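Okay, thanks for having me. I'd like to walk you through a structure, and I'll keep it short.

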Amino acid sequence: MSEVLVEYSDVGGSSNTERTLEKAKIRGEELGIDTFVVATSRGVVGLKAAKCLQGKNVIIVRHVTGFKDPDVQEMSDVVREDILQFGAKLVTAAHAFGGFGRGIRKRFNTYQVDEVVAETLRVFGAGLKVAIEISAMAVDAGLVRTDKDIIAVGGGGGGADTAIVVQPSNIHTFFETKVREIICKPRAWG
């Protein structure tokens, strides 16, 4: 048995981003984990992560093009290039817990299994849901293995506030996912 300190912030959001990335980096060093998967939308968190974790295997997961508006990518080409210059990799994909199912909900006003899973995970915090979801998206993209632990960083509503150690799985084998540790998360979220 080991004792590990978990850090809880008072609130979620962008004010936690730097601290969350630093905690993730420290825990990665302690465990010998050098793969980090980090969620971003416009790229602010992604760029901070690419800088903070430079030299590590950093995978930045962004929204699919058209997430907010048809044919629009939220992350500018300039920010994308900046992230890539720090050696990070980029995944652009539909949300694992809300792609096709979200289309069904919007069209027919009914929820599908993927969104039920997402809502269930949100009881632990939006950032924890995002961290688990992006780890599966990175596996599906072929950038992360399923037989090794990684550190995943997520948040809700801007910024990163949650970091976990996880052995990820593809989305089609989601229930093989193992959340090993919670490194940090907020006590309150929106």
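I'll take the pocket, then the cysteines, then one odd backbone angle. Before that, keep in mind that this is a predicted model.

So, the pocket. The largest one holds about 700 Å³ of space. Its lining is made of 36 residues, and the ones that lie nearest the centre are Ser41, His63, Gly155, Gly157 and Gly158. Where does the lining come from? At least two residues each are supplied by β2 (35-39), α2 (44-52), β3, α6 (126-140) and β5 (150-154). Of the elements, α6 gives the most, with six residues. If you sort the lining of this largest pocket by class, you get 14 nonpolar residues, 13 polar ones and nine charged ones.

Next, the cysteines. How many disulfides does a search of the whole structure find? Zero. Take Cys52: the nearest cysteine sulfur is that of Cys184, and it sits 12 Å away. To count as a disulfide, the two sulfurs have to be within 2.5 Å, so at 12 Å Cys52 and Cys184 don't make one. Is Cys184 buried or exposed? Cys184 counts as buried, because its relative accessibility is 4% and the cut-off for buried is under 20%.

Last one, Asp71. This residue has a positive phi, about 65 degrees, even though it isn't a glycine. You'll find Asp71 in the loop between β3 (57-62) and α3 (77-85). Asp71 also counts as exposed, because its relative accessibility is 76%, and exposed means over 50%.

That's my tour; happy to go back to any part.

Conventions
Residues are numbered from 1 along each chain as its sequence is written. This is a predicted model: local features need pLDDT of at least 70, side-chain atom pairs count only at pLDDT 80 or more; totals for chains, interfaces and linings use all residues. Side-chain values use heavy atoms; hydrogens and water are left out. Helices (H or I, at least four residues) and strands (E, at least two) are DSSP runs, numbered from the N terminus. Buried means under 20% relative accessible area, exposed over 50%, partly exposed in between (1.4 Å probe, protein chains only). On a 1 Å grid over the protein atoms alone, a cavity is a set of points where a 1.4 Å probe fits but cannot get out, and a pocket is an open set with protein on both sides within 12 Å along at least five of seven lines; lining residues have an atom within 4 Å of a point. Grid points are joined across faces, edges and corners, and a volume is the space filled by probe spheres set on the points. Ala, Val, Leu, Ile, Met, Phe, Trp, Tyr, Cys and Pro count as nonpolar, Asp, Glu, Lys and Arg as charged, and the others, Gly among them, as polar.
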